[in-house]
Amino acid sequence: MTTTPPMALSVTGATKHYDSGFTLEDVTFDLPAGYIMGLIGPNGAGKSTLIKLILNMIRRDAGQIQVLGLDAIADEEAVKEQLGVVFDTSYFVDTWSVDKVERVMRGMYRTWRHEAFDGHLRRFGLDRGKKVKELSRGMQMKLMLAVALSHDARLLILDEPTSGLDVLARDELMDILAATIEDGERSILFSTHITADLERAADFITYITRGELYFTGPKDEFEDSFRIVKAGLDLLDRLPAKACVGVHHYSTGFDALVRSENLPIFPADQIVVEPASIDDIIRLTNVGQSSLGEV
């Protein structure tokens, strides 16, 4: 008899309409406990809207969101006791010292553990006397993570945590996240444009584009579902209309994103087939789309 693993996060039919005309439409996915999920998509796809819905920073128009089995709205206080959040910029007052951050945060969480926070400060090399504004961006990320891990947060939500960090700081943060879920009790949802971080850390992928869910599931399954086909332009004209998911033309040929099961359509002796990276999939499922702002 098989048992269904507990879900750290369940989003069902989440929908949000904006007066601008943008809609996050009917997004559904599950994050099992003890895993890391990458939330990806081009700018303006709806990633930030989804995170705000999970955190109740905005109200959804339809759907249901459960965090650790609790309703995100009806049980909001209990949910937020178990949530840890790291944004792309610090949410602490710049003039606070690291020590004052603890004094403020321990008053907000009944489950606050001083010993845990002190241990994370030592682990991350954070000086209690330093002011937030004196910390580098990477150290500010670590401070937010130290807070999240010091009140026994079981679901961490990270919004672009590695944006602007150098490669060494990003690698260190990915190591920290991997260690965080080792006990199987914590889970992480993080949005990012840096797909190298996903390749290294993510177990699952949820991909949103144009406000709609394109894929959710294991990362390996996502990558294995597609291939890149390269060939001359004359071949493109002879292919069935829906043979390619997306095509990039250049002067002597084309690159096409193709579902793996459709590869037999292509003449093997006239093409070059390569694995599709996460970047390739995002790029070629959004051919002709350009958006400078995030929604």
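**Group meeting: a walk through the model, starting at Ser 225**

Let me start with one residue: Ser 225 counts as partly exposed, because its relative accessibility comes out at 21%, and buried would need a value under 20%. Please keep in mind that what we have here is a predicted model.

Where does Ser 225 sit? You'll find Ser 225 in the loop that links helix H8 (219-224) to strand S11 (226-231). Which residues does Ser 225 touch, leaving aside those up to four places away in sequence? The partners are Val 258, Arg 259, Ser 260 and Glu 261. Now compare that with Ile 208: 17 residues separate Ser 225 and Ile 208 along the chain, and their C-alpha atoms are 16 Å apart.

Let's step back to the whole chain. The protein chain has 10 helices and 14 strands. Its C-alpha atoms fill a box of roughly 70 × 50 × 40 Å along the principal axes. For 295 residues, a compact globule would have a radius of gyration near 19 Å, and the protein chain has 21 Å, so the two agree. Half-and-half fans will like this: 50% of the 295 residues count as buried. And if you take contacts between residues at least 6 apart in sequence, 69% of them join residues at least 24 apart.

On to the surface. The protein chain exposes about 14,000 Å², with carbon and sulfur atoms supplying 50% of that area. As for charges, there are 31 positive and 45 negative ones, and their mean positions lie 6 Å apart.

Now, my favourite part, the aromatics. How many aromatic pairs are there? The count comes to nine. Tyr 18 and Phe 22 make a tilted pair, at 6.2 Å centre to centre and with 40 degrees between the planes. Within that pair, Tyr 18 is partly exposed because its relative accessible area is 29%, while Phe 22, at 16%, counts as buried. Another tilted pair is Trp 112 with Phe 117, 5.2 Å centre to centre and 45 degrees between the planes. Here Trp 112 counts as buried at 13% relative accessibility, and Phe 117 is buried too, with a relative accessible area of 0%.

To finish, back to the neighbourhood in sequence where we began. Tyr 207, Tyr 214, Phe 215, Phe 222 and Phe 226 form one aromatic cluster. Among those, Phe 226 is where strand S11 (226-231) begins, with Ser 225 in the loop before that strand. Thanks, everyone, and I'm happy to chat!

How values were computed: Residues are numbered from 1 along each chain as its sequence is written. This is a predicted model: local features need pLDDT of at least 70, side-chain atom pairs count only at pLDDT 80 or more; totals for chains, interfaces and linings use all residues. Side-chain values use heavy atoms; hydrogens and water are left out. Helices (H or I, at least four residues) and strands (E, at least two) are DSSP runs, numbered from the N terminus. The radius of gyration is taken over C-alpha atoms; the globule rule is 2.2 Å times the number of residues to the power 0.38. Buried means under 20% relative accessible area, exposed over 50%, partly exposed in between (1.4 Å probe, protein chains only). Contact means heavy atoms within 4.5 Å. Accessible areas come from the Shrake-Rupley method with a 1.4 Å probe; for residues, only the protein chains shown count as cover. Lys and Arg count as positive and Asp and Glu as negative; His and the chain ends are not counted. The place of a charge is taken as NZ of Lys, CZ of Arg, CG of Asp or CD of Glu. Rings of Phe, Tyr and Trp (its six-membered ring) pair if their centres lie within 6.5 Å; planes under 30 degrees apart count as stacked, over 60 as edge-to-face and the rest as tilted.
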